[in-house]
Amino acid sequence: MRVLGIESSCDETAIALINKEGDQIVVEKKFLASQVKTHAVYGGVVPEVAAREHADLVFTLLQQSGISRDGSDVDVIAVTAGPGLIPALRVGVELGKSLAWAWKPGGAGSGFAGKPLVAVNHLEGHIYSVWLTKEMNVPQFPALCLLVSGGHTELILMKTHGVYELIGMTRDDAAGEAFDKVAKLLKLGYPGGPEISRAASKGNPTAINFPRPMLDSKDFDFSFSGLKTAVRICVESQQGHSVEDIAASFQAAVVETLVTKTLRAVSEYHPASVILAGGVAANSSLRASLQQVLSHQNETVTFHAPDLSLTGDNAVMIAVAGAFRAEKEEFVDPLTLIADANLSLVK
Amino acid sequence: MQYRSNTPEQTKKIAAEVAQTLKAGDVLFLEGNLGSGKTTFVQGLVEAFRYDGPVRSPTFAIMNVYPTSHPTIQKIVHVDLYRLADASELRTLALEECLEDPNALVIVEWPHLLEPLIKKPYTKITFAFLENEARLLTIEKYP
């Protein structure tokens, strides 16, 4: 089954074509709007602004991806329906609906008038990014997912394909947002994640004892706003700490908080697998700590993190999540699908 | 008008007081540095409208929308322009849709790019650091 994935929930517009045959998933094409060459309009690389404008770019994106004009190499269309920024989401959703409406169905005897369309939750997409590991080492259920990105910090229990329970989330800032804002306080570049990680590798993680917010709370919620403020106070007080030490100590506080809460959720929910996904899953300290502590505490729980190229927002993960929904024939009607800024993962 | 807040809890209480003075179609600008209490203020304000879902920082999403059960302020639009580099990016957000919605209360964090362009009256709340956790909130109406 070939699935065209479309993602446009925030800054980036992306499309991808995957082929799923049984357990084998092959990525055939993947394109980002920010890579599209539109010299006529922007004179080179598309800036982030324009990538959020997406609407100007989607047909150029389709054309340059080499996906057949009549959709004959696509069996199913999967599109991010939310959560996200409405003007951005609409672009992808309307594209998906239009193609589903216009393209003829693939395969003989299909009962659909157009191309089958599935709606994917953006968070679900991130979770499915770990189904693309080369070793065919896929998670077992129930799986506990720590989803950490610029916009999200959530602990999700995945009971089986498409069935989720939200067990904890951030009450204020997302972990990735804390990285970006602390990087700005430290006058490092954007995005903050890699910059903090780089600086932290040369610093002492125990130099400053930053707060570990909500570490002792009984629930599985997070809070990173107070930690950001603690870093600001530390920077402004000019106590002579190096940028590297502040970065390392901040990163240690975030990692310890995320790892401790995840482990506690493992003790409570006894998952067969733990999944780390989202942009912050690219942080090597978080990946290593979580994997190490898990294998130390519980040898039967398997650990899964996406390939680094799939940690950020992308359309490949949407296509993969969509393929699993399509296998269960969870199709949506292009006449009624709408983008939902607050789309919930839990039905 | 000025308020002194000694704790995040007090900031939320001040927000609940300010909430009493607001009506549908109002626009609030919140100015203040990182960690000055803007999102805490919005949490208190939205709670006062009996929205019990999560109110989180919209820095990444740029815009969060909270539906309320209030008869006139039917939704609160929580905008954060922190990540925007210049005013040309504003038009990608279709903010005018929210600003012209008679049933919405629009709250904008990091509003400096929008402020010179907005065509309707607004209230600006400035968050300044005092000692420790204390903050000074200054409320001014424009024009």
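A polar contact here is a pair of N or O atoms within 3.5 Å; within protein, one of them must be able to donate a hydrogen and the other to accept it. Keep that in mind as you look at this predicted model, starting with the place where its two chains meet.

**Where chain B meets chain A**

Between chain B and chain A, the rule finds nine residue pairs in polar contact, with both residues at pLDDT 80 or more. On the side of chain B that touches chain A, you'll find 13 nonpolar, six polar and seven charged residues. The contact draws 27 residues from chain A and 26 residues from chain B.

How much area is buried between chain B and chain A? The figure is about 2300 Å², and carbon and sulfur atoms give 53% of that. Within chain B, the residues that lose the most area to chain A are B:Leu34, B:Arg56 and B:Phe60, which together make up 28% of what that side buries.

B:Arg56 has another role in the picture: it forms a salt bridge with A:Glu154. Three salt bridges are found across this interface, while the count over all chains comes to 24.

**Two salt bridges to look up**

| Pair | Closest N to O distance |
|---|---|
| B:Arg56 and A:Glu154 | 3.0 Å |
| A:Arg171 and A:Asp219 | 2.7 Å |

The pair A:Arg171 and A:Asp219 links distant parts of the chain, 48 residues apart. A:Arg171 sits in the loop between β8 and α6 of chain A, and A:Asp219 in the loop between α7 and α8 of chain A.

**Two helices in chain A**

Now for α6 and α8 themselves. Helix α6 of chain A covers residues 175–185 and helix α8 of chain A covers residues 225–236; their axes come within 10 Å and cross at roughly 10°. Angles under 35 degrees count as roughly parallel, so α6(A) is roughly parallel to α8(A).

Which residues of α6(A) meet α8(A)? They are A:Lys181, A:Val182 and A:Leu185, and their partners in α8(A) are A:Lys228, A:Val231, A:Arg232 and A:Val235. By class, this contact has four nonpolar, no polar and three charged residues.

**Backbone details**

A cis peptide bond joins A:Gly82 and A:Pro83, with omega at about -10°. You can find A:Pro83 in the loop between β4 and α4 of chain A. In chain B, a cis peptide bond joins B:Tyr142 and B:Pro143, with omega about -10°, and B:Pro143 is in the segment after β7.

Finally, have a look at B:Arg50: its phi is near 60°, a positive value in a residue other than glycine. B:Arg50 lies in the loop between α2 and β3 of chain B.

Conventions:
Residues are numbered from 1 along each chain as its sequence is written. Chains are lettered from A and ligands numbered from 1 in the order in which they are written. This is a predicted model: local features need pLDDT of at least 70, side-chain atom pairs count only at pLDDT 80 or more; totals for chains, interfaces and linings use all residues. Side-chain values use heavy atoms; hydrogens and water are left out. Contact means heavy atoms within 4.5 Å. Buried area is the accessible area (1.4 Å probe) that two parts lose on being put together, summed over both. A salt bridge is a side-chain nitrogen of Lys or Arg within 4 Å of a carboxyl oxygen of Asp or Glu. A polar contact is a pair of N or O atoms within 3.5 Å; within protein, one must be able to donate a hydrogen and the other to accept it, and residues adjacent in sequence count only if both atoms are side-chain atoms. Ala, Val, Leu, Ile, Met, Phe, Trp, Tyr, Cys and Pro count as nonpolar, Asp, Glu, Lys and Arg as charged, and the others, Gly among them, as polar. Axes are lines fitted to C-alpha atoms, for helices over the stretch in contact, and angles run from 0 to 180 degrees between N-to-C directions. Helices (H or I, at least four residues) and strands (E, at least two) are DSSP runs, numbered from the N terminus. Angles under 35 degrees count as roughly parallel, over 145 as roughly antiparallel, 65 to 115 as roughly perpendicular and the rest as oblique.
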